[in-house]
Each structure stands twice: as C-alpha cells, then as structure tokens.
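Good morning, and thank you for making time for this presentation. I should like to take you through one protein model, element by element.

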Amino acid sequence: MLSLNLFMIPRPRQAIKWLARRPGRDYPAAMPAHDRLLIIDFGSQVTQLIARRLRELHVYCEIHPAQRVDDAFLAAFAPKAVILSGGPDSVTRPGSPRPPAALWRLGLPVLGICYGQQAMMDALGGRVERGGGSAEFGRAMLSPAGAALDLLDGWFGDGPEQVWMSHGDHVAALAPGFSAYATSPGAPFAVVADPARRLYGVQFHPEVHHTPSGARLYANFVRIAGFTGDWTMGAFRDEAVARIRAEVGPRGRVICGLSGGVDSSVAAVLIHEAIGDRLTCVFVDHGLMRAGEAAEVVGMVRDHFNIPLVHAEEGARFLSALAGVTDPEAKRKTIGRLFVEVFEREARRAGGAEFLAQGTLYPDVIESVSATGGPSATIKSHHNVGGLPERMGLKLVEPLRTLFKDEVRALGRELGLPDRFVGRHPFPGPGLAIRCPGAVTAERLAILRQADAVFIDQIRRHGLYDAIWQAFVVLLPVRTVGVMGDGRTYDHACALRAVTSVDGMTADVYPFGHGFLAETATRIVNEVRGINRVTWDITSKPPGTIEWE
C-alpha cells in the first residue's frame with residue numbers, strides 16, 4: 001500500500017538484497033554511526049514486527065536473511081546484539097538454516113524466538129525434537145519457573161502472562177549452562193536463558209499483538225544489551241541525506257515519481273535536501289486517479305515544493321495497455337512497465353538523469369518478495385516491487401526502503417511537510433485499476449470515481465477521516481438486479497472498504513455504525529448512475545490484504 005508511489009524496484013532475484021544492501025554492493029554501505037542490532041530472519045511471516053518493536057524503542061536494526069549471514073557478514077556488520085527470528089523450517093531437518101558459528105564466540109547478547117530458540121539450543125548442545133504432544137498454536141498462558149530473570153522484568157505481576165505460540169517442534173533438552181525460567185502447558189522450556197552469557201530463548205512470539213507484554217520483553221533485552229535508544233527520525237534524516245549524496249555523486253541527476261501522497265512527497269523532499277536542483281519530479285497522470293486528484297496533486301506540489309515538476313498526461317496510453325487485462329498481477333506489472341517507460345523518457349528530457357527515485361516502503365518489499373529467498377511467501381507484487389523489466393536504463397534510489405508507513409509520516413514531520421501531506425490516506429500506485437476487479441474500462445473507472453468520492457465525502461462529513469488508515473470503494477465485477485423508480489435495473493455492485501492500522505502490515509476493519517452505512521449506501525445508489533447495490537467488506541488483514549488486488 002503506497003501513497004501512489006509511481007515506481008519500480010529490482011526484480012525478485014535482486015529484491016531479496018533489501019534494506020541497507022543494494023544489488024552489486026558489498027556490505028556495509030553507509031553504515032550509521034550508532035549501535036546496531038541484527039535480526040537474522042529464518043523466514044517467519046512476522047519477522048518485520050520484531051523490527052517494529054525495536055524501532056519503537058529507538059533502536060536501529062536491520063533484518064537480513066539467514067542464508068546471507070555468514071561469519072564474514074557478521075564481522076562486517078558488527079552488531080551490538082542479535083535476534084534470531086522464528087521460521088517454518090525444522091532444525092531436525094538436515095540443511096535447515098542456522099546462525100553463523102561465529103555468533104556464539106563473540107560474546108554478544110542473543111535472543112532466539114521460536115525457531116531461533118531451537119536453533120540456539122541445537123547449536124550449543126541442547127536437543128530439539130519434532131512434533132509430539134508439545135505442539136502449540138495460538139494463545140497460551142505462561143507461568144514463571146525458578147528464579148527471576150532480567151529478560152522478564154515486569155512480567156507475572158498479576159499472574160500468568162498470555163503469549164502467542166506457533167510451533168510444532170520443541171526443545172527436549174537444554175544446552176549446558178541454560179535453565180528454564182517460564183513454562184506453558186505445551187512448552188516446559190517456554191523461556192530459557194544463560195544469563196551469564198546473555199543468551200536468551202523464548203518459544204513464543206513476543207512481537208505479535210497477542211503477546212500483550214511482548215514490548216516489555218524487547219525493552220528488557222535492549223536494556224540488557226546496552227542500547228541507549230539513539231535512533232530517531234532526525235538521525236535517519238541525516239544518514240539518509242548522506243547515503244543519497246554518496247549514491248548519486250556530486251553531478252548525478254535524479255527523477256522522482258511524485259504523486260502528492262505521503263511516501264512520494266517525503267522521498268522527494270528528502271532527496272531535494274540532499275542534491276538540490278539536480279532532482280526533477282514527474283507526476284504521471286495515468287488515468288487511474290480519483291476524482292479531481294490530478295489537479296489537486298499538481299496544485300499542491302507547485303504551491304508547497306520548490307522542485308521542478310513535470311505533469312505527464314498518459315491516461316490514454318495506460319488504458320490502452322490495460323484493455324482486456326484482468327489478472328491482478330498482470331495489471332500491476334503492466335502499469336509498472338509503463339511507468340518505467342515514461343520515467344526513462346522524462347529522464348532524457350531532464351538533462352540525462354541517471355537515477356529513478358521511488359518511495360518504496362518496507363511492507364511493500366515484504367509482501368512482494370520472499371525476504372529469505374526461501375520459505376516465506378510472496379503475497380503480491382506491488383507495481384514498484386518485483387516487476388522491473390529485465391533491462392532498465394535508470395539506477396534506483398530508495399531512501400525510504402527501511403521504513404514503515406508511520407515512520408515515513410514521522411520523517412515527513414521532521415522534514416516540515418504540512419499535515420495535509422503527512423496525514424493523507426495511502427493510495428496504491430496502480431490507482432483505481434486494482435479497485436476494479438476484472439476489466440479496466442473508462443466507463444467502470446468513471447463509476448468507481450463517483451462512488452469513491454461520495455464515500456470519502458461521507459467520511460469527512462462525519463469527522464472520521466483521521467481515525468481511518470485507508471478507505472475506498474471497490475467496483476465489483478458483477479451486476480445485480482434492483483428496483484429503482486418502480487422499474488427493474490441491472491447494474492453494478494460495489495464494496496466499501498475502510499481499515500485501521502499502524503504500519504499496513506496488519507489491519508482491522510473500521511467499525512462503522514449502521515446509520516453511517518445506510519446513509520452512505522443511499523447516497524451512492526442515488527448519486528452514482530450505474531450502481532444499484534452497496535456491500536461492506538469487514539475482512540481484517542490477515543486473512544485479506546487491504547486492497548482487493
């Protein structure tokens with residue numbers, strides 16, 4: 001989910017080299033001066049939530065796939081502490097991913113989570129067994145066992161703690177030097193530690209919402225590791241500016257796809273701070289915008305930014321290319337390809353710009369590619385992630401690639417962007433094309449624009465806009481029978497979608513009242529010719545995604 005980020009990043013083979021790494025560049029690259037925590041990812045779908053917890057504690061961290069973290073990488077990264085994520089594999093399987101052997105010789109604080117705990121035990125002389133009666137999935141209650149543990153400071157004050165379990169394998173015997181400090185009905189070694197070596201393992205997932213005291217556990221760990229919480233948006237801003245200058249060089253020119261949404265606006269202002277008038281912004285009007293949005297975006301950008309702006313009107317070209325395309329992935333890749341073609345043209349016109357800037361965010365990368373190159377699943381291709389043509393004449397600049405959406409908003413405020421930019425709802429780069437399941441036609445887009453405008457107007461009238469993360473209408477690929485004016489109709493149906501979220505990785509449906517929904521449905525049916533039925537999507541993420549395609 002992007003704020004209309006109009007860009008592309010490396011194809012999946014390249015895209016697994018994410019975060020501070022760039023294709024073809026040896027690690028480290030423009031490393032920050034402050035302490036760093038390394039998260040070794042074993043393929044868990046919630047590894048990114050570990051990073052979220054640490055970012056909230058102002059700790060700089062990076063996630064890197066286990067397959068890429070060897071002894072040399074560990075030495076180059078020089079972390080102050082390490083967290084081992086969960087994962088779907090089994091340490092009992094020959095060839096399953098493991099931490100580098102050097103990790104246990106460095107004397108670093110290490111926290112192993114689920115699979116990470118099992119990998120720790122296996123590496124240090126414990127025993128892990130498959131399946132059996134110790135498997136746990138879902139909520140479990142944790143009780144203390146034995147002496148107090150610094151990792152669990154603040155836990156068990158009111159009795160057992162709720163945690164979230166998801167494991168089939170289990171630790172059957174502890175490694176030498178370790179003791180158990182908490183148990184659950186299915187896990188006698190739910191929390192284990194060798195405090196003298198600052199090695200800790202938990203069988204549950206403290207990063208998820210269903211472990212209410214998980215944030216306190218992470219706070220305890222970073223305190224034990226000696227982090228001071230010095231990573232802020234101000235620090236990120238300074239480091240990002242330095243990285244951009246190093247990447248672009250003293251004479252390089254950049255074009256940036258600018259939509260007026262928060263991601264592209266923040267990326268543009270950050271890059272402009274780094275390289276000044278060597279940046280040109282390009283607004284691609286692809287004909288898939290909401291009602292009046294093109295004029296609004298161009299006006300806002302020209303009123304607030306002292307950055308050259310090109311308004312590329314390409315609606316006919318995009319609609320022609322999308323004719324007959326119904327598969328969601330094909331839509332995204334078609335739109336991404338056309339964006340790149342427009343950007344390459346505008347790069348030539350902008351004095352031979354070599355670089356394309358894009359507002360790719362961390363969740364886009366996570367959903368679009370397998371972060372480990374292994375078992376974690378690709379959810380969908382964001383049009384600016386994983387759809388890059390095999391040959392492209394522009395190098396890429398992605399200053400927000402390590403950030404979650406709420407962090408981008410914080411960076412926008414740090415950069416002094418007005419609230420009308422920072423507070424806008426996300427809007428996908430492919431625009432209304434992915435809110436039209438099935439064929440994308442001018443007629444269907446016109447109907448969708450009108451319905452969406454009514455819905456957003458209703459939200460604003462009722463003072464709900466700032467309480468909602470994202471809201472929109474989906475035009476369904478079905479027609480339904482209705483009765484209007486005592487006559488039969490056979491028109492389109494639409495769905496209302498509104499969610500709350502923090503970072504877009506998970507989302508809950510916004511709980512509209514019946515009165516609001518009835519009023520909105522009546523307005524849409526009365527004001528939008530071509531719709532005779534309104535439905536409400538009440539699916540959370542997961543199991544659904546926020547967008548329908």
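What follows is a walk through the predicted model, beginning with the whole chain and ending with some unusual backbone positions.

Let me begin with the overall composition. The protein contains 15 helices and 20 strands. It has 549 residues, of which 60% count as buried. If one takes the contacts between residues at least 6 apart in sequence, 78% of them join residues that are at least 24 apart.

I turn now to strand β3, which covers residues 81–84. Which of its residues point one way, and which the other? A81 and I83 point to one side, V82 and L84 to the other, and all of these residues are buried. As a general point, side chains in a regular strand alternate between the two faces of the sheet.

Strand β3 pairs with β1, residues 37–41, through four bridges, and the two strands run parallel. Within that pairing, L37 has A81 of β3 as its bridge partner. Strand β3 also pairs with β4, residues 110–113, again in the parallel sense, here over three bridges. In this second pairing, V82 stands opposite V110 of β4.

A little further along the chain is helix α4, residues 115–123, which is mostly covered, with seven of its nine residues buried. Those buried residues are Y115, G116, Q117, Q118, A119, M120 and M121. After the helix comes G125, whose phi is positive, near 110°.

The next topic is an open sheet of five strands. In what order do these strands lie? The order is β14-β13-β12-β15-β16, and the pairing is parallel. Strands β14 (309–313) and β16 (395–397) are at the edges and have a single partner strand each, so one side of each lacks a neighbour in the sheet. From one strand to the next, the twist averages 30°.

Within this sheet, let us look at β12, residues 254–257, and β15, residues 355–357, which run parallel and are joined by three bridges. V254 has F355 as its bridge partner in β15. Helix α7, residues 262–275, lies across β12, β13 (279–285), β15 and β16, and runs at about 160° to β13.

This brings me to the cysteines. How many disulfides does the structure hold? The number is zero. C256 takes part in no disulfide, and the nearest cysteine sulfur, belonging to C281, is 4.8 Å away. A pair of cysteine sulfur atoms would have to lie within 2.5 Å to be counted as a disulfide. Is C256 buried or exposed? Because its relative accessibility is 0%, C256 counts as buried. C494 is likewise buried, with a relative accessible area of 0%.

Let me move on to a pair of helices. Helix α6 spans residues 233–248 and helix α12 residues 405–414; the two pack at an angle of about 80°, with their axes 9 Å apart. That angle makes α6 roughly perpendicular to α12. Which residues meet at this contact? From α6 they are M233, G234, F236 and R237, and from α12 they are E407, A410, L411 and E414. By class, the contact has four nonpolar residues, one polar residue and three charged residues.

Finally, I come to the backbone positions that deserve a second look on the screen. A cis peptide bond joins K541 and P542, with omega at about -15°. Another cis peptide bond joins P542 and P543, with omega at about 15°. Where does P542 lie? P542 is in the segment after β20 (531–536), and P543 is also in the segment after β20.

Two residues that are not glycines have a positive phi. H58 has a phi of about 60° and lies in the loop between α2 (47–56) and β2 (61–65). Because its relative accessibility is 40%, H58 counts as partly exposed. R198 has a phi of about 55°, and its place is in the loop between β10 (187–194) and β11 (199–202). With a relative accessibility of 29%, R198 also counts as partly exposed.

To return to the main points: the five-stranded open sheet is paired in parallel, helix α7 lies across four of its strands, β12, β13, β15 and β16, and the structure holds zero disulfides. Thank you for your attention.

Technical notes
Residues are numbered from 1 along each chain as its sequence is written. This is a predicted model: local features need pLDDT of at least 70, side-chain atom pairs count only at pLDDT 80 or more; totals for chains, interfaces and linings use all residues. Side-chain values use heavy atoms; hydrogens and water are left out. Axes are lines fitted to C-alpha atoms, for helices over the stretch in contact, and angles run from 0 to 180 degrees between N-to-C directions. Angles under 35 degrees count as roughly parallel, over 145 as roughly antiparallel, 65 to 115 as roughly perpendicular and the rest as oblique. Contact means heavy atoms within 4.5 Å. Ala, Val, Leu, Ile, Met, Phe, Trp, Tyr, Cys and Pro count as nonpolar, Asp, Glu, Lys and Arg as charged, and the others, Gly among them, as polar. Buried means under 20% relative accessible area, exposed over 50%, partly exposed in between (1.4 Å probe, protein chains only). Two strands pair if DSSP finds at least two bridges between them.
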